[in-house]
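Student: Can you walk me through this one? I'd like to go over how the chains meet and then look at one of the sheets.
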There are 2 protein chains.
Amino acid sequence: MRVEILCTGDEILTGKTVNTNYSHMARRLGEVGLDVIWGTTVGDDRASLLAAFARAGERADAVIVNGGLGPTVDDLSQEVAAEACGVKLELSDYWMQRMAESYARRGRVMPANNKKQAMLPEGAEFIDNPIGTACGFAVTIGKARFFFTPGVPREMRRMLDEQVIPRLLKLGGITGVTRLKRFHSFGIGESRADEMLAGIPGLAIDGEIKLGFQAHFPELETKLAARGATEAELSAKLSAIEAEVRRRLGNFVVAEDEGSLERVVVEKLKAGGHTLAIGETFTSGAIASRLAPLPGAEAVFCKGVIATDIAADKLRTESGASHALAVLMQLDPGSDRPDFGATITVQIADGGGMVQRVARLVGGRDWVRTGATELGLDCLRRHLLGLPVDERIDFERR
Amino acid sequence: MRVEILCTGDEILTGKTVNTNYSHMARRLGEVGLDVIWGTTVGDDRASLLAAFARAGERADAVIVNGGLGPTVDDLSQEVAAEACGVKLELSDYWMQRMAESYARRGRVMPANNKKQAMLPEGAEFIDNPIGTACGFAVTIGKARFFFTPGVPREMRRMLDEQVIPRLLKLGGITGVTRLKRFHSFGIGESRADEMLAGIPGLAIDGEIKLGFQAHFPELETKLAARGATEAELSAKLSAIEAEVRRRLGNFVVAEDEGSLERVVVEKLKAGGHTLAIGETFTSGAIASRLAPLPGAEAVFCKGVIATDIAADKLRTESGASHALAVLMQLDPGSDRPDFGATITVQIADGGGMVQRVARLVGGRDWVRTGATELGLDCLRRHLLGLPVDERIDFERR
């Protein structure tokens with residue numbers, strides 16, 4: 001099935017807003033096995049919208065339109081959709097009532113211009129928006145089914161997952177259920193991860209489980225997008241492959257799914273009844289600021305110190321924490337440049353003594369700072385889990 | 001003149017990479033008075049590229065194509081451009097030699113597949129890339145002039161500014177010089193800034209100076225995009241308007257052009273021979289990590305402390321710094337939500353005593369944390385410059 005995405009709005013067209021709605025939609029569709037083949041961006045302009053709808057209706061089987069459903073005069077999606085279909089707009093009494101109720105619940109009166117958001121092309125299929133006033137709708141233009149979605153990211157994301165994707169799968173005759181399994185790792189690059197995961201049985205044989213990567217330096221996300229007839233069948237098929245991915249990526253996996261490195265560290269400290277002090281130099285608070293604001297961290301995080309003369313054992317004693325993490329950095333001399341590097345010393349002190357890990361990272365000031373932050377937190381994770389802290393990482397120079 | 005942007009590549013089409021090249025190009029073109037009217041995204045697919053070139057060639061006067069100039073087989077831009085023009089590819093001896101020289105300078109041998117990057121459509125106009133192996137080129141398809149640019153962001157940005165924009169301006173018969181003046185402010189929202197700057201003479205009368213805003217919470221960027229016949233005429237015209245914008249935005253302007261709030265603070269401390277200690281609670285190192293990594297900050301930044309029991313005067317005495325900034329936060333109880341807020345107390349101590357500023361911010365945990373970081377740094381800037389630290393900001397609740 002040929003799917004297109006059509007983004008509307010002057011803020012996107014002029015580059016004032018970076019189009020993260022597009023990348024989110026395309027990624028989500030790819031994860032459920034729907035490949036996007038074309039993307040279009042036009043402004044809040046009647047002629048451009050009409051032309052874009054006509055073109056997409058000639059090429060695609062399905063088109064997701066994003067934006068232009070707001071209450072103001074520059075939002076034109078419903079109007080132009082009606083024109084493209086050769087029909088009039090008609091009031092959805094149902095949506096008017098839903099909007100009025102929503103305002104009433106918050107003790108407010110609905111502004112008159114919200115009525116515009118309940119005007120849909122005659123014969124359009126209504127698509128629910130449980131968290132906003134811009135309802136979605138679907139119409140057919142040319143040979144394609146068009147799904148209209150709101151520009152507000154959280155409204156779009158929910159409508160996409162709950163309303164649009166199920167309709168697209170049905171339209172494409174794609175049955176069954178899908179799931180996305182994610183592994184977050186630190187220390188391996190995309191090409192090495194690809195090698196490490198080569199030839200996993202089931203990944204190769206059954207085309208319904210798709211492997212993908214997404215690098216967010218310094219972490220790498222490894223994704224398994226899977227499809228099955230039922231949840232039970234999907235779980236059965238996926239569990240062995242998940243276990244194999246976990247085994248092969250080994251100690252480099254810092255978290256899975258919604259988890260994160262810093263959450264794992266906080267939870268592990270909490271579970272052990274531990275407390276933590278953090279000492280930093282050139283990372284200048286970046287380590288503490290990833291960990292301390294987490295819900296629950298207040299029970300664990302004692303103190304942070306940013307200075308040049310830090311040692312984990314001394315910090316532990318002085319702060320009264322059960323554990324101390326110190327990340328010291330010796331920067332290369334000279335100004336910032338692509339081969340600017342630093343020697344990083346990570347120290348972890350607990351009642352039992354002190355562990356130390358030294359690594360050299362190269363890649364410019366910001367790169368080195370981000371890498372040292374992650375390295376420090378990862379060494380602490382490894383220490384708390386009883387894993388080796390000195391396993392070589394891909395970003396390291398000898 | 002009708003300008004389009006056509007982005008190519010599977011990474012962009014599938015959403016794996018967020019398309020920041022598009023937003024950069026559209027913004028830069030807008031700043032020099034060239035408005036983008038249509039954006040297209042297609043993958044590394046011959047048929048889609050050919051169709052996209054044909055469509056854009058029917059609609060536009062000029063098209064910037066981004067990506068697909070690499071040395072690998074999936075990079076198809078030159079090939080498809082030649083096909084769309086009905087011509088063959090021919091080797092650019094000049095570019096082959098330039099690439100070979102560049103490899104030789106680094107003591108390396110040029111890989112054979114780089115030759116592909118010197119194959120241009122017959123009759124194409126060569127466009128220089130001084131920092132990469134993907135040269136650009138221009139051809140005419142349909143009624144539009146197409147400019148092909150590399151996907152690597154820093155190569156694209158430089159080629160856009162130095163090579164493509166001058167050609168586009170010439171093509172559109174737009175003469176003279178352009179300049180972009182930027183003001184960074186904290187404490188005023190976009191709509192209030194728009195009101196504050198209403199009716200500036202010259203902005204209204206002469207359409208050649210365009211006012212625009214870009215919000216990067218918590219800062220707002222106010223931009224003056226100006227055009228003139230010569231640099232001298234441009235400066236003369238712009239200087240009075242710049243001064244008026246500066247006067248109206250007043251103490252809220254934290255920096256201009258390439259400057260930043262944290263740079264201003266570091267420079268001002270340095271100029272006064274001062275040193276600084278920073279104490280934070282819920283911002284957890286975010287304040288220190290904006291300031292301490294700056295070049296030159298090592299001479300100024302003494303120490304950072306993240307703890308709950310902080311007071312600026314005590315921190316100053318203990319650290320031995322001449323100045324201390326403490327940002328304390330009392331968070332609302334309960335979990336994160338859109339109306340989650342905090343009461344922020346900023347304290348600044350120097351030899352002369354202590355200044356204090358209390359503000360309440362609301363908007364969720366992350367929002368409040370980012371706002372408190374900026375507020376703390378801005379109070380310090382104001383104190384160092386002798387400005388009032390308690391001027392009300394738009395984000396503040398009473």
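Tutor: Sure, we'll take the contact between the chains, then the symmetry, then a sheet in chain A. Keep in mind that this is a predicted model.

Student: OK. How many residues does each chain put into the contact?
Tutor: Chain B gives 39 residues and chain A gives 39 residues.

Student: Which elements of chain B touch chain A?
Tutor: Those giving two or more residues are helix 2 (20–31), strand 2 (36–42), helix 3 (46–59), helix 10 (286–291), strand 14 (301–306) and helix 12 (365–385) of chain B. Helix 2 of chain B gives the most, with 8 residues.

Student: And what's that side of chain B made of, by class?
Tutor: The side of chain B that touches chain A has 17 nonpolar, 16 polar and 6 charged residues.

Student: What goes on between the two copies of strand 14?
Tutor: Strand 14 of chain A and strand 14 of chain B run antiparallel and are joined by 3 bridges. To find your way there, look for Ile306(A), which stands opposite Gly304(B).

Student: Switching to symmetry. What rotation puts chain B on chain A?
Tutor: A rotation of 180 degrees, with 0.1 Å of shift along its axis, superposes chain B on chain A at an RMSD of 0.2 Å. That is how a two-fold axis relates copies.

Student: Which residue of chain B comes closest to the rotation axis?
Tutor: That's Gly285(B), with its C-alpha at 1.9 Å.

Student: Why do you say the copies meet through the same surface?
Tutor: Because 100% of the interface residues of chain B are also interface residues in chain A.

Student: Good. Now the sheet in chain A: what order do strands 9 to 12 come in?
Tutor: The order is 10-11-9-12, in an open sheet of 4 strands with antiparallel pairing. Its edge strands are strand 10 (209–216) and strand 12 (253–256) of chain A, each pairing on one side only. On average, neighbouring strands are turned by 25 degrees against each other, ignoring direction.

Student: How many bridges join strand 10 to strand 11?
Tutor: In chain A, 8 bridges join strand 10 to strand 11 (residues 219–228), and the two run antiparallel. Within that pair, Gly212(A) has Lys223(A) in strand 11 as its bridge partner.

Student: Which helices lie across these strands?
Tutor: Helix 8 (residues 231–249) of chain A lies across strand 9 (177–186), strand 10, strand 11 and strand 12, running at about 155 degrees to strand 11. Helix 9 (residues 261–271) of chain A lies across strand 9 and strand 12, at about 90 degrees to strand 12.

How values were computed
Residues are numbered from 1 along each chain as its sequence is written. Chains are lettered from A and ligands numbered from 1 in the order in which they are written. This is a predicted model: local features need pLDDT of at least 70, side-chain atom pairs count only at pLDDT 80 or more; totals for chains, interfaces and linings use all residues. Two residues are in contact if their C-beta atoms, placed from the backbone, lie within 7 Å. Ala, Val, Leu, Ile, Met, Phe, Trp, Tyr, Cys and Pro count as nonpolar, Asp, Glu, Lys and Arg as charged, and the others, Gly among them, as polar. Two strands pair if DSSP finds at least two bridges between them. Copies are superposed by least squares on the C-alpha atoms of residues with pLDDT of at least 70 in both. Axes are lines fitted to C-alpha atoms, for helices over the stretch in contact, and angles run from 0 to 180 degrees between N-to-C directions.
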